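Me: I'd like to go through a structure with you and ask how each label is earned. Could you show it first?

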Amino acid sequence: MSSHAILTIILYIAILLALSYPLGIFIDRVMTGEVISGGGLFRSTEGFIYKVCGIDPRAEMNWLSYALGLISFNVLGVVFVFALQQLQGFLPLNPQGLVNISPDSSFNTAISFATNTNWQAYVGEGTMSYLTQMLGLTTQNFLSAASGIVVVIVLIRGFARHSLQTIGNLWVDLTRITIYVLIPISIIYAVFLVGQGAIQNFDAYKDVKTVQITQFDNPQLDAAGQPIKDEKGAVITEPATTDQQTLPMGPVASQEAIKMLGTNGGGFFNANSAHPYENPTPLSNFIQIISIFLIPAALCFTFGRMVGDKRQGWVVLVTMLLIFLVVTCVVLYFEQQGNPILTNLGVNGSMGNMEGKETRFGVDDSSIFASITTLASCGAVNAMHDSFTPMGGFIPLWNMMLGEVVFGGVGSGLYGMLVFAILAVFIAGLMIGRTPEYLGKKIESYEMKMVAIAILVTPTLALVGTAIAVMTSDGVAGIANPGAHGFSEILYAFTSSANNNGSAFAGLSANTPFYNSLLAIAMWFGRFGVIVPVLALAGAFAAKKKISVNEGTMPTHGPLFIVLLAGTVILVGALNYVPALALGPIVEQLMLPVIH
Amino acid sequence: MSLVYFGYILIFFALTVGLAKGCARLGGKK
C-alpha cells in the first residue's frame with residue numbers, strides 16, 4: 001500500500017475522532033433536551049415551530065404513535081417531491097426551461113430522497129430545475145437525515161429508560177436535530193466548499209469554447225432516449241467531435257454540504273463528487289470523506305453517554321473502525337495493482353487502475369472514498385465504481401451488503417449495528433445457556449422477532465429484486481455489459497437501493513418504468529422495513545425493567561464483544577449474498593487471467 | 001399516469017402502516 005494511502009487513513013481516523021467526540025457530546029445534550037448555552041436564536045426558532053405547528057413539546061409518544069408519525073411525515077415528503085417534479089416546468093427558478101419529469105422517474109426520485117437513499121436514475125443538470133433541487137431534494141436531504149437520527153436516539157432511549165410506555169416526541173426530536181445540528185454545520189460546510197471552488201448561483205448554464213477539439217463516441221438513441229444495441233448487446237455508437245461545452249450552473253454548495261453530512265449522496269450533477277463544481281480540490285475531497293462518517297461516529301459517543309456507559313459506545317466504534325480498515329486496505333490493494341487487461345493493451349499501469357478515476361484524486365483517494373461512501377449509506381462517488389477492478393468493485397458492493405451498519409447512514413448505521421449487537425448477545429447466550437441481555441435489558445422472543453425482520457428485510461429485497469430483473473426482458477434490457485459484469489450491475493443497483501446507499505455501479509440504464517418502480521419498492525421497504533421493527537424494539541426495551549449486572553451477565557464493553565460483534569456482522573450480514581457474489585465480481589476476478 | 005404512481009405511494013403508506021400495526025400486535029403492546 002502506498003505511503004500516501006497509509007498517511008491519509010491515519011490522518012483521517014485522527015481527525016474523525018477529534019471532531020466526532022465533541023459532536024457526540026453535543027448531540028447528547030441536544031436530544032436529551034438540555035438548554036444549549038448561546039443558542040438563543042435556535043431556541044426561539046424551535047419555539048416558533050412548536051407554536052405554528054401546535055406541538056406540545058412535553059407530550060411523549062408510545063412507539064407506535066412515533067412510528068406512524070414518522071411514516072406519515074416521510075410519505076408527505078414523497079408526495080411533495082413527486083408533485084414538485086411533475087410541475088417544475090410551470091414553476092420559477094428554472095432558467096434552462098427544463099420540462100416536467102416523467103411520472104416514473106419522479107416517483108423513483110421522491111422515494112429515493114425521502115428514504116435517504118439518493119439513488120439517481122436521472123441526470124441532475126439535464127432534468128432538475130433549481131427549485132426542484134433546492135426545495136425538493138435538498139430539503140429531503142435534511143429531513144431524511146433527521147429521520148434516521150431520531151430513530152437511533154429513540155432506540156438508545158429505550159435502553160436508557162425502564163418501565164415506561166413512551167419513547168419521546170417525534171416532532172421535538174426532528175426539530176431539535178435539524179435546527180441545532182444539521183443546519184448549522186451545513187451552513188459552515190457550504191461556505192467552506194464555496195471557498196474551495198464549488199459554485200452557488202442561480203445563473204443560466206454557460207456555453208464555452210473548449211481549448212481542444214474533442215473526439216468521442218456518441219451512443220445512438222432510440223425514440224425513448226435509450227441506447228440502441230446490436231445483436232450482441234453492445235451499445236451502437238457513432239464518431240463525433242465538438243469544440244463546445246455547456247457548463248451547468250446552480251446552487252451546488254448548499255446541496256453538497258448536507259449531501260455528505262447527512263450521508264445522502266445525491267449529487268447536483270450526474271458525475272456527483274467527481275465533478276469539479278461539487279468537489280473541487282483534494283482538500284474538499286478529504287473533508288467530504290470526513291463529513292460522511294462524522295455524524296455516524298459522533299452517534300457512537302452519544303450512545304455511550306445516553307446509556308450511562310461510555311465503553312459501550314467505544315466498543316461499537318472500534319468494531320466499525322476495524323471493519324473499515326480491513327475493507328479499505330483490500331480495495332486499495334486491488335486498485336493499486338492496476339488492471340492486467342489494460343496493461344496488456346500497452347496502457348501504463350504504474351499508477352494503478354486509473355480507468356474511471358479523476359486525475360485530481362488518483363487511485364488512493366478514489367479507493368478510500370469508494371470504501372467510505374459504501375460503508376456509510378452515503379452513495380456519493382468521486383470515481384466510477386463500474387471501472388474498478390473486479391475485486392476492487394467487489395468491496396463497495398460487499399460493504400453495502402453488510403447492511404450499512406459500519407458507520408452506515410446517519411442514525412441508520414448505529415441502529416443497524418445495535419440490532420446486530422442484540423443478535424450477537426442472543427447467539428452468545430445460546431452458546432453458553434444463559435438468558436441473553438444487553439445493557440440491562442432481557443432479550444426475549446418479541447425482541448428477536450423484531451431483530452429477525454430488521455436483518456432479513458434488506459437481503460430479501462436485494463436478492464429477490466435482482467432475481468426478477470435478470471429473469472425479465474425489461475430487466476436485462478438495461479444492462480450495458482453482458483455477462484458477469486452485467487449481473488454485477490443489477491446486483492449492485494438492488495443492493496444499493498435496498499440498503500439505502502444510492503451509489504450506482506454505472507453501466508445500467510435504470511431510468512425506465514421497470515427499474516424506477518422496482519428500485520423504489522426496494523428503497524422504501526429497505527428503509528421502513530427496518531425502521532418499524534427498530535422502533536418496536538425501542539418501545540419494548542423502554543417498557544422493560546432494568547436488571548442489574550450479575551455473574552451471568554455477558555460483558556459487552558470489552559475486546560471479546562468487539563470480535564463477537566464483528567463476526568456477527570460479517571457472517572450474518574454478508575453470507576446471505578455469497579451465491580450472488582459468486583455469479584458477479586468473483587467469477588469476473590477468476591476470469592481475469594483467462595482474458596489476460 | 002401520474003395518478004398510478006400516486007396510487008403506488010398510497011399503497012406503500014398503507015403497507016408500512018400495516019407493518020407497524022402488525023409489529024405492535026405481535027408484541028401485544030404498543
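Reply: Here it is; this is a predicted model, and we can take the interface before the enclosed and open spaces.

Me: How do you know how many residues of chain A and chain B take part in the contact?

Reply: A residue counts if it has heavy atoms within 4.5 Å of the other chain. By that test the contact takes 30 residues from chain A and 20 residues from chain B.

Me: What makes up the area buried between chain A and chain B?

Reply: The area is what the two chains lose on being put together, summed over both, and here that comes to about 2300 Å². Carbon and sulfur atoms give 83% of it. On the chain A side, Leu64(A), Phe107(A) and Tyr446(A) lose the most area to chain B, together 21% of what that side buries. Helices H3 (63-87), H4 (103-114), H15 (445-471) and H18 (513-543) of chain A each bring at least two residues to the side touching chain B. That side divides into 22 nonpolar, six polar and two charged residues.

Me: How many salt bridges are there between chain A and chain B, and how do you know?

Reply: The rule asks for a side-chain nitrogen of Lys or Arg within 4 Å of a carboxyl oxygen of Asp or Glu. Between chain A and chain B the count is zero. Polar contacts follow another rule, N or O atoms within 3.5 Å, and it finds three residue pairs across the interface, both residues at pLDDT 80 or more.

Me: Why is the space of about 290 Å³ called a cavity?

Reply: A cavity is a set of points where a 1.4 Å probe fits but cannot get out, so the name says that this space is closed to such a probe. The structure holds three cavities of 30 Å³ or more, and the one of about 290 Å³ is the largest. Its lining has 24 residues, with Gly403(A), Ala454(A), Thr458(A), Asn499(A) and Val530(A) nearest the centre of the cavity. H14(A) gives the most to this lining, five residues.

Me: And what makes the second largest pocket a pocket?

Reply: A pocket is an open set, with protein on both sides within 12 Å along at least five of seven lines. The second largest one holds about 390 Å³ of space. Of its 23 lining residues, Asp386(A), Phe388(A), Pro390(A), His485(A) and Glu588(A) are the closest to its centre. H20(A) supplies the largest share of the lining, five residues.

Note on methods
Residues numbered from 1 in each chain as written. Chains lettered and ligands numbered in written order. Predicted model: local features only at pLDDT ≥ 70, side-chain atom pairs only at ≥ 80, totals over all residues. Heavy atoms only, no water. Buried area = accessible area lost by both parts, 1.4 Å probe. Polar contact = N/O pair within 3.5 Å; in protein donor to acceptor, adjacent residues only side chain to side chain. Helix = DSSP H or I, 4+ residues; strand = E, 2+ residues; numbered from the N terminus. Nonpolar A, V, L, I, M, F, W, Y, C, P; charged D, E, K, R; others polar. 1 Å grid on protein atoms, 1.4 Å probe; cavity = no way out; pocket = protein on both sides within 12 Å on 5 of 7 lines; lining within 4 Å. Points joined across faces, edges and corners; volume = space filled by probe spheres on them.
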